[in-house]
Amino acid sequence: MASLNVYLVTYNCAQTPICPPSFAFNLFSALPSRQPPDILILSLQEIAPIAYSFLGGSYLGPYFSRFQYAVELASSNLSNNDGDVKYRIIITRNVGQTAIMVFARQERAKRIKWLETGGVGVGLHEMGNKGAVGIRLGYSASNYADEEDEDEGEEISLTFLAAHLAPMEDGLQRRNKDWEHIVRGLVFTPVMPKAVAAANHASESSDLSIEEDQPLLQGSFDNSTSPSSGIYNQTSHVFLGGDLNYRTSDTRPDPRAYHSYPQPTKNSADPKHYSHLYKTDQLTREIKAGRTCHGFREASIDFPPTYKFSSRQAPFSSEDEVEKWEWARHRWPSWCDRIMFLSSLPHSDRSSSPDPAKLQLHGYTPLPKMDTSDHRPVALSMSVPLRAIPKPSSEGAGVKDVRIQSPFTMDPLWREKRDWARKKEIIVGFMAYAGYTWEGNGVLLATLIGGVGGWLILSSMIST
């Protein structure tokens, strides 16, 4: 059966612009081969300082454009029998400091028939210093299979979520509550297309300072089958990636704990092998207890913690390159950066025949440590069968299924809350811009000088 190759990367940027060549060099290292993925998703947290993230629009353009350039560089190293590999930006979205970028191979972009977006803030006063943003799209399998394939023309739905939850070892309950707020408040609504000519012009441009709500693809999105729907959807493949911030301890480390932190060793019996620390992973425990990420699964973790590296840690590509990991002493090393996917339908698992929509894992691994962040990026490579997830039949009645019955009900005031939070983000963003950026300081100074000058002129006119 034909399949769609999907590649997801999550990265906490630490509010610092990336170096595109460094990010690009090993961007696709989780691929099973050098064959290019059909769809590339970048889940980005702390993409920029609060001033630029909260103001949004053109203020985020330079940060997004660096990732676009990195993708261009990385794709030039991929092999393809049809020639050069080129990716097209389909859409970018952000809620505060959490952002998502969707790319598709140029020849695949026309198969995307509709888009939906959603977002919610779970930070201070529901603003977007923490939160989640999502993209849902409809992908046509038309002409993918042989002419005799009965599935030709079928459409599948894909949902991609980027999230950033509450920090700190003792913030476990807050993280679980953040997840509840995301499920209740992240609601997908259809994206209306711009003129085809405008979309074509934008897709050929390397400048990302275009309107955020302009999808870079052709066609109509009016055929969306699930307007105003939540994260859990009966017929959509759902992927979740982000800095979920679940730690390996419920309390902060004491000064002596640093000596027990993991270090590079291939001997799993060694007390400093990372596998011993993973046994206390909060996320694994909370999922099993049914308190977070309900219904989501994760590939096996066979890599060391991705957070928190000390500023003394030099960049490295693999564990074989370093003799010692430089961890921050005041945080437990943890697997904060995760990518998960919603498991197959329970009624499909019960079927005597194989699940026609079952995902196939190719790789789940961290990418190289870079010097701009205390996190390592994490990548997931999967194949999605080009067959729609079947809707539950009457035989599946009574089967516990989060796709059918969400763990939390949708907040009826989700739109009003997001609109009000957005107003607060703009106010906070402007204040941060004015007080903490060189550009903002310049505007304030110019305004002050202009005000004083105007007052002096006015006083002079009045006195004469």
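This report describes the cores, sheet, one helix and some backbone features of a predicted model.

## Nonpolar cores

In soluble globular proteins, nonpolar side chains tend to be buried together. The largest nonpolar core in this model has 49 residues. Within that core, L4, L158, F160 and F239 touch the most other members. A second core, separate from it, has 38 residues, including Y7, A74, V85 and M101.

## Cysteines

How many disulfides does the structure hold? The count is zero. Two cysteines can be described by their surroundings. C19 is partly exposed, with a relative accessible area of 37%. C336 is buried, and its relative accessible area is 0%.

## The open sheet

Seven strands make up an open sheet with mixed pairing. Their order across the sheet is 8-5-6-7-9-11-10. Strand 8 (189–190) and strand 10 (296–297) are the edge strands, and each of them pairs on one side only.

Strand 9 covers residues 236–243 and strand 11 covers residues 337–342. These two strands pair in the antiparallel sense, over five bridges. G242 stands opposite R338, which belongs to strand 11.

## Helix 4

Helix 4 runs over residues 172–185, a stretch of 14 residues. Does its length agree or disagree with the expected rise of 1.5 Å a residue? The expected span is 20 Å and the end C-alpha atoms are 20 Å apart, so the two agree.

Helix 4 lies across strand 5 (112–121), strand 6 (131–140), strand 7 (155–164), strand 9 and strand 10. The helix runs at about 135° to strand 5. The buried residues of helix 4 are L172, R175, N176, D178, W179, E180, I182, V183 and G185. An α-helix has 3.6 residues a turn, so residues three or four places apart point the same way. The buried list can be read with that spacing in mind: L172, R175, W179 and I182 are among its entries.

## Backbone exceptions

Most residues other than glycine have a negative phi, and most peptide bonds are trans. Three places in this model can be set beside that rule.

A14 has a positive phi, near 55°, and is not a glycine. Where is A14 placed? It sits in the loop between strand 1 (3–12) and helix 1 (20–25). A14 is partly exposed, with a relative accessible area of 24%.

M168 also is not a glycine, and its phi is positive at about 75°. This residue lies in the loop between strand 7 and helix 4. M168 is partly exposed, with a relative accessible area of 24%. The peptide bond from Y307 to K308 is cis, with omega near 5°. K308 belongs to the loop between strand 10 and strand 11.

Key
Residues are numbered from 1 along each chain as its sequence is written. This is a predicted model: local features need pLDDT of at least 70, side-chain atom pairs count only at pLDDT 80 or more; totals for chains, interfaces and linings use all residues. Side-chain values use heavy atoms; hydrogens and water are left out. A nonpolar core is a set of buried Ala, Val, Leu, Ile, Met, Phe, Trp, Tyr and Cys residues joined through side-chain atoms within 4.5 Å. Buried means under 20% relative accessible area, exposed over 50%, partly exposed in between (1.4 Å probe, protein chains only). A disulfide is a pair of cysteine sulfur atoms within 2.5 Å. Helices (H or I, at least four residues) and strands (E, at least two) are DSSP runs, numbered from the N terminus. The expected span of a helix is 1.5 Å times one less than its number of residues. Two strands pair if DSSP finds at least two bridges between them. Contact means heavy atoms within 4.5 Å. Axes are lines fitted to C-alpha atoms, for helices over the stretch in contact, and angles run from 0 to 180 degrees between N-to-C directions.
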